[in-house]
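Subject: Handing over a structure, with notes on its aromatic rings

Dear colleague,

I am passing on the structure below, and I would be glad if you could open it beside this message while you read. My notes on its aromatic rings follow after it.

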Amino acid sequence: MTRLSPSLGPLTPRQRWRRARLQTYSWLLTGAYRLGALHPAVWKFVARSYHPVLDRVAARHARLACQFAAVDVPAYRDFLVRHGAGQARRLRDFPETTKQNYAGAYDEQSRCQEGELHRPGVIIDESSGSSGKPYNWVRGPRELKGIYRNAAGYIELVFPGRKLFVINAYSMGAWATGTTTGTAMARIAMVKNTGPDLEKIVDTLLHFGPGYDYVVAAYPPFLKHLRDRLDASGFPWPEYRMRGMVGGEGMTEALRDYLEERFEEVRSGYGASDLTIGMGAETGFTVRLRKRLATDQRLREALLGPGEQRLPMIFHYNPLETYLEVNDAGELLCTINTKSCLQPKLRYNVGDEAVLRTLAEVKQALGAGYAAMWTDERMNLPLLFLFGRKDSTISYMGANLYPQDVEYGLYQGNPYAASIARFCLSLEELPGLEYRPVINIELREGADPDREALAEICRKGVVAHLSHVSRDFAESLKEDPSAADLRVKLFDQGEGPFAGLTKMKNVYLV
């Protein structure tokens, strides 16, 4: 499909005056945010002293960003006219943008401020293609500096250390996370960009020795591969201080527990190539809150609503820079507030389901237990409860099966967990037009477990976890015990549904 490429065209005197006013106001707010991130120490102070009254400032700036783009960004002007919103003034009057109706419908240049793409310092990232087609995303130098400051401030807050050494194990290709992480971490740490190369990471750790505060940045499954590889070689874990920073996909508490048997702590960040990295971040408080949600039904209903069975990731986020909303369908909308964003992201729907809560709401729900859960980071920012992509499920026997729940069942208490490299879900048609979910497991290279025992432990573990967290699945088991007939298939590396997969992010549905 040919993408639209509208130009800005001449502005009327009234539009020029409006553009100048909006630009001045936007730069003033952006400048104020930038002052708060000049140094990681200042960034920490802002995160710890955030006041709820600033939510109104953030909402006003989000509306301002949409109004300014309506006169300054050719694609957005055309988009609003086509959706009958050319005169929109309130934030909710501006239509949602998506990859399909906006990023895929207009070319890169027309989505830039003033319709100008080519400028020195612009970096072009590429999304991983997990949605079926890789997209290009452009970021300007001012925007990148802000991303670097935020990422560095967070790392210093959550992973303090006198001799920080970051091993950047994200892919070093055209993807946003890898190159951006390496540059950001260089502001506050010694960095080696190894990419996802297990042997290179092992060599690095052994060569530089235990005298550093190591932080390994990687996708969650790769951090598991690293733990298993180091275990297999007899790595002297007690001599090293090792922590993990993961992102790019969700992580279950079962996997975190498995990793933290070796790593001192593992924390996750939330971002999207479409938007920016570092939109949200975990702290010790959010991890404790998530573990509490897993066992406290009253708290779960208070924060997530009645009947919610899923366990979301929980992140702090800064509304002053990334203003978040949730639409009527429960999907997350994001507006990047800062004027330095070369391609403005305006009420952008990336397809994630979420719930937003202020810290005061969470504190009220926790009651007297709040103080015991607070940790050294002391972030005062609001919270994002993220369920993940809306379409990442398989429906079976009236229940939705989520990859996160399957991962719990695979890793929790499984003596063969080290043999699992990754997994994906599929449906298998049986005689009589019946369907059964299939858990396809790729074995780690060199692993030689008892395959029959591994498959049975995985099946029982997944059924047990699903029956615990999903009322629909538990009810199906009561009505029809054959619902427990989940299929588990084991494959050597690169075989079956894993053949030809080169993406660093796991593909969970095939």
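Two rings of Phe, Tyr or Trp, taking the six-membered ring of Trp, count as a pair if their centres lie within 6.5 Å. With that in mind, please note that this is a predicted model, and that Phe-165, Phe-208, Tyr-212, Tyr-214, Phe-235, Trp-237, Tyr-240 and Phe-263 form one aromatic cluster in it.

The structure holds 17 aromatic pairs. One of them joins Tyr-170 and Tyr-219, which meet edge-to-face with 5.2 Å from centre to centre and 80 degrees between the planes. Because Tyr-170 lies in the loop between β4 (164-168) and α7 (176-185), while Tyr-219 lies in the loop between β6 (213-218) and α9 (220-232), this pair ties together parts that are 49 residues apart in sequence. Tyr-170 and Tyr-219 are both buried.

Phe-208 and Tyr-212, which belong to the cluster named above, have ring centres 6.4 Å apart and planes at 80 degrees, so this pair is edge-to-face, given that planes over 60 degrees apart count as such. Phe-208 is partly exposed, with a relative accessible area of 36%, and Tyr-212 is also partly exposed, at 21% relative accessibility.

Finally, there are charges placed over rings. The charged end of Arg-227 sits over the ring of Tyr-258, at 3.9 Å from the ring's centre, and Arg-310 lies over the face of Phe-387, where the distance to the ring centre is 4.1 Å.

With best wishes

Notes
Residues are numbered from 1 along each chain as its sequence is written. This is a predicted model: local features need pLDDT of at least 70, side-chain atom pairs count only at pLDDT 80 or more; totals for chains, interfaces and linings use all residues. Side-chain values use heavy atoms; hydrogens and water are left out. Rings of Phe, Tyr and Trp (its six-membered ring) pair if their centres lie within 6.5 Å; planes under 30 degrees apart count as stacked, over 60 as edge-to-face and the rest as tilted. Helices (H or I, at least four residues) and strands (E, at least two) are DSSP runs, numbered from the N terminus. Buried means under 20% relative accessible area, exposed over 50%, partly exposed in between (1.4 Å probe, protein chains only). A charge sits over a ring if NZ of Lys or CZ of Arg is within 6 Å of the ring centre and within 35 degrees of the ring normal.
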